[in-house]
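Welcome! Have a look at the structure below, and then we can talk through a few of the terms used for it.

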There are 4 protein chains.
Amino acid sequence: MCRFLAYRGDPIYLEDLVCRPKHSLVRQSLRAEEAKVVTNGDGFGVGWYGERETPGIYREVTPAWSDENLLALAAHVRSHLFFAHVRAATGGGISLANCHPFASGSWLFMHNGQVGGFGCLRRELEGELPDTLWHQRRGATDSELLFLMAVHRIVQGFGVVEAVGDVLADVSDRMRQAGVDAPLRFAAALADGEDVYAFRWASDAKPPTLYHRREAFGQMVASEPLEGEPEGWEPLEQGEALCLHADGRTSSHQLSVCTGPLA
Amino acid sequence: MCRFLAYRGDPIYLEDLVCRPKHSLVRQSLRAEEAKVVTNGDGFGVGWYGERETPGIYREVTPAWSDENLLALAAHVRSHLFFAHVRAATGGGISLANCHPFASGSWLFMHNGQVGGFGCLRRELEGELPDTLWHQRRGATDSELLFLMAVHRIVQGFGVVEAVGDVLADVSDRMRQAGVDAPLRFAAALADGEDVYAFRWASDAKPPTLYHRREAFGQMVASEPLEGEPEGWEPLEQGEALCLHADGRTSSHQLSVCTGPLA
Amino acid sequence: MCRFLAYRGDPIYLEDLVCRPKHSLVRQSLRAEEAKVVTNGDGFGVGWYGERETPGIYREVTPAWSDENLLALAAHVRSHLFFAHVRAATGGGISLANCHPFASGSWLFMHNGQVGGFGCLRRELEGELPDTLWHQRRGATDSELLFLMAVHRIVQGFGVVEAVGDVLADVSDRMRQAGVDAPLRFAAALADGEDVYAFRWASDAKPPTLYHRREAFGQMVASEPLEGEPEGWEPLEQGEALCLHADGRTSSHQLSVCTGPLA
Amino acid sequence: MCRFLAYRGDPIYLEDLVCRPKHSLVRQSLRAEEAKVVTNGDGFGVGWYGERETPGIYREVTPAWSDENLLALAAHVRSHLFFAHVRAATGGGISLANCHPFASGSWLFMHNGQVGGFGCLRRELEGELPDTLWHQRRGATDSELLFLMAVHRIVQGFGVVEAVGDVLADVSDRMRQAGVDAPLRFAAALADGEDVYAFRWASDAKPPTLYHRREAFGQMVASEPLEGEPEGWEPLEQGEALCLHADGRTSSHQLSVCTGPLA
């Protein structure tokens with residue numbers, strides 16, 4: 001499983017969260033505490049918003065812990081909203097196009113989890129995308145596909161939380177119809193340059209971990225407490241969608257994943 | 001031969017010079033006009049100053065023309081002083097540590113040219129470095145070594161132009177003593193976060209090309225005119241050291257390369 | 001446009017053709033003579049048959065001219081049938097999955113050319129593949145898709161030349177239906193471990209170059225004469241399919257590309 | 001700490017040891033049992049002898065577990081004598097030139113361990129190399145330097161075991177003179193295309209693990225039992241040099257590390 005963090009608040013250097021904390025994401029890439037797969041060495045990525053509408057992105061297939069460019073970038077780029085992700089591949093192969101975060105227009109997304117039986121469902125799910133979004137797909141991961149499916153709903157007018165709930169319901173239905181027993185697990189973050197949405201959900205009782213923390217200068221969500229100690233880090237509930245608003249407020253929503261009746 | 005550009009002026013996005021012009025450095029990486037070696041595909045790098053004293057650096061061993069991270073970075077990083085370089089290896093091998101620009105403390109350096117017979121002189125020249133600078137050496141190029149030799153003189157109290165002149169004289173002397181016939185050629189840029197120094201010199205009559213241009217928003221030096229047309233681009237003279245000052249002024253100096261008598 | 005070579009004959013070291021000739025493929029990666037795009041620096045690959053039924057493959061996204069592993073491999077691997085390819089990307093992005101040669105079971109394929117308007121046709125053409133072959137697709141190139149479409153026909157019982165002709169006809173028809181004016185160009189090689197099939201065809205009058213040469217120890221086809229001189233190198237005709245048989249014979253066939261009536 | 005294996009016997013495919021065993025080196029790259037540093041994801045390499053005097057080498061800076069080229073190569077290259085190594089960097093940076101195994105002429109070498117205080121000693125130790133070997137040095141590791149120091153002694157006429165003992169004594173002396181407290185640890189393998197020499201030694205009581213196993217088809221040494229079970233795997237003694245001879249015999253020698261009196 002992957003590890004990630006998202007930040008929203010006063011502009012800070014990426015390194016303040018990505019590289020410096022005792023249990024920073026770069027260190028988690030080498031040794032995660034709460035993950036089943038200990039090493040997250042199958043690539044990494046950072047995405048950040050600056051003065052432009054679209055986010056900047058830096059991704060590499062090499063392990064985060066040894067990337068000098070990441071250290072330099074994180075020491076020189078400041079942002080009010082950024083994502084960072086280290087990958088332990090569960091499917092889709094090791095390639096740059098499979099590294100998180102993914103961008104589409106002004107949207108940015110990253111994911112920790114897995115669509116059970118994705119190999120069998122992939123072609124069918126890709127078939128659902130409209131041409132515009134189908135052509136934006138660059139890699140082969142379930143994560144990127146979930147993202148584009150959500151963007152599809154958002155451009156159709158769905159609210160963000162509603163869109164994500166509908167994607168999870170749709171995929172769950174198809175998994176069931178295909179007779180997949182393996183669960184759908186989903187810890188994710190989605191942003192549009194203003195707000196950050198964080199999600200924690202699973203079709204079984206084991207959603208990937210996800211924590212929220214509020215500091216004087218801003219708020220963050222992360223797969224694991226960055227200081228290695230749980231104090232001040234509040235776990236999201238199973239089924240919770242937490243929005244970190246641009247004005248510093250937080251609002252919690254319930255993900256509605258309405259799966260259909262078994263045909 | 002490599003291609004490079006340096007900018008000093010109002011903060012602009014790196015892409016405004018690195019990616020967008022008709023004859024931008026990214027395009028020069030694929031097809032340079034005035035270079036002997038047409039393709040500069042052996043790595044590239046950008047270095048920029050932001051709010052910190054030390055520069056940010058992003059370097060890769062892959063060709064600049066196909067690097068998505070470079071495009072994203074150049075579209076989202078703004079700076080008042082930045083360097084960009086595409087490499088056609090003449091020696092030292094293809095590795096990240098051999099990509100320009102090089103940094104040492106707050107200094108940034110890049111080079112186009114070659115030390116004739118460097119293979120024979122390398123060990124002797126490295127031997128001259130004090131321990132501190134010797135341990136900063138990461139690669140195997142003549143360029144990085146010339147840089148560290150100049151930094152050595154600068155920390156000893158030499159002025160920048162004087163330091164570079166003394167390095168070129170020292171290396172020329174050693175080349176002559178070693179019986180090297182091949183020339184020493186040197187087009188380079190050096191910066192400390194405030195001023196940019198550009199140099200054009202060769203031990204023979206063929207110094208690498210280097211041009212200067214002044215715009216309303218800032219000034220730049222480049223191996224080749226970025227618009228493919230020479231208009232508005234002034235070539236530096238053989239032996240010229242041109243300083244682009246922080247306040248927008250330019251001052252031209254004569255490089256003094258005093259080689260000793262043949263022993 | 002890309003450059004490639006294929007060899008069939010007595011086992012020789014890959015380097016004898018890939019690295020050593022005056023105009024070897026490694027040198028063509030830096031400077032091709034007959035290609036529109038001079039530099040082929042967007043990755044490369046070699047594929048070879050040994051004692052196993054499936055071929056060995058080594059591919060990289062870096063330029064061939066600077067890859068030490070390629071030099072070492074080519075100096076230590078001997079084969080009776082091998083392919084080598086250097087890429088100048090025309091579409092599909094720079095990634096390992098887009099590097100030639102491509103393998104499927106015991107089949108090996110590489111291509112120089114382009115499907116005009118591929119962006120518009122890609123989704124429709126991928127849709128034609130049966131699930132098994134759809135899941136074998138790893139990249140985004142027209143080349144890999146043409147290959148899988150040919151394999152599809154071969155496993156259905158088509159002869160190799162017939163299969164390739166049918167794929168070219170099918171794609172041409174769809175291009176015409178989609179109103180694509182740009183041509184379909186196709187120089188390619190296909191092998192099964194025994195025989196090598198070489199193809200040269202275009203929907204207009206400009207098929208990519210392809211040459212055949214016979215030596216005492218074996219035969220080869222290549223995009224350009226490896227010695228830089230045309231002597232002894234016979235160009236394939238437009239529409240020719242040349243088979244280099246395991247027993248040293250050569251047979252020439254006519255590609256039959258029967259496009260349908262315009263609807 | 002790194003993990004490695006060396007094989008001498010009937011020609012077998014590299015994959016038979018490198019990829020297939022339950023606890024193969026590729027799996028050890030992700031999760032080693034007996035090492036302090038669990039992940040060995042900082043590059044890897046294989047070296048093998050074929051029909052030529054010099055070995056073939058394939059090295060990459062990416063983790064072994066995700067390298068498709070390694071899998072393909074290991075499935076198609078057979079050898080009577082090969083090395084494989086996965087790296088957890090302890091110093092020298094992540095670069096291809098720092099990946100094991102290292103070659104010099106017909107010699108091949110790999111190492112697990114560390115020279116305590118190497119940063120302080122590196123310049124002095126490099127200074128000892130004759131020019132020819134100094135110019136062969138490509139990276140910055142203690143391992144490559146120990147290798148070249150051994151080759152230096154071998155070309156001067158030392159026996160292999162004697163040469164390695166003398167290098168360890170020399171380095172130990174210099175460590176002591178420099179006041180280094182950290183130990184010198186050394187598990188290594190050295191080959192010339194005929195015999196494999198394996199070494200296990202440390203200046204303290206904790207030499208890195210190293211095991212020997214004899215099969216009907218050949219013998220091997222490895223940092224950890226490849227099947228995850230110690231049965232049939234004999235640990236080398238502290239100070240032991242084990243030679244796997246070309247004729248299938250094994251001879252055990254005592255490493256003589258004669259450090260001088262403290263000045």
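The questions and answers below deal with a helix pair in chain A and a strand in chain C.

This is a predicted model, in which local features need pLDDT of at least 70, side-chain atom pairs count only at pLDDT 80 or more, and totals for chains, interfaces and linings use all residues. Residues are numbered from 1 along each chain as its sequence is written, chains are lettered from A and ligands numbered from 1 in the order in which they are written, and side-chain values use heavy atoms, with hydrogens and water left out.

Q: Why are H4(A) and H7(A) called oblique to each other?
A: Helix H4 (residues 118-128) and helix H7 (residues 160-177) of chain A pack at an angle of about 140°. Angles under 35 degrees count as roughly parallel, over 145 as roughly antiparallel, 65 to 115 as roughly perpendicular and the rest as oblique, so H4(A) and H7(A) are oblique.

Q: Which residues make the contact between H4(A) and H7(A)?
A: With contact meaning heavy atoms within 4.5 Å, H4(A) gives A:Leu121, A:Glu124, A:Leu125 and A:Glu128, and H7(A) gives A:Asp170, A:Val171, A:Arg174 and A:Met175.

Q: What makes strand E4 of chain C mostly covered?
A: Eight of the nine residues of E4(C) (residues 78-86) are buried, that is, under 20% relative accessible area (exposed is over 50%, partly exposed in between; 1.4 Å probe, protein chains only).

Q: How do you know that E1(C) pairs with E4(C)?
A: Two strands pair if DSSP finds at least two bridges between them. Eight bridges join E1(C) to E4(C), which run antiparallel, so they count as paired.

Note on methods: Axes fitted to C-alpha atoms, helices over the stretch in contact; angles between N-to-C directions. Helix = DSSP H or I, 4+ residues; strand = E, 2+ residues; numbered from the N terminus.
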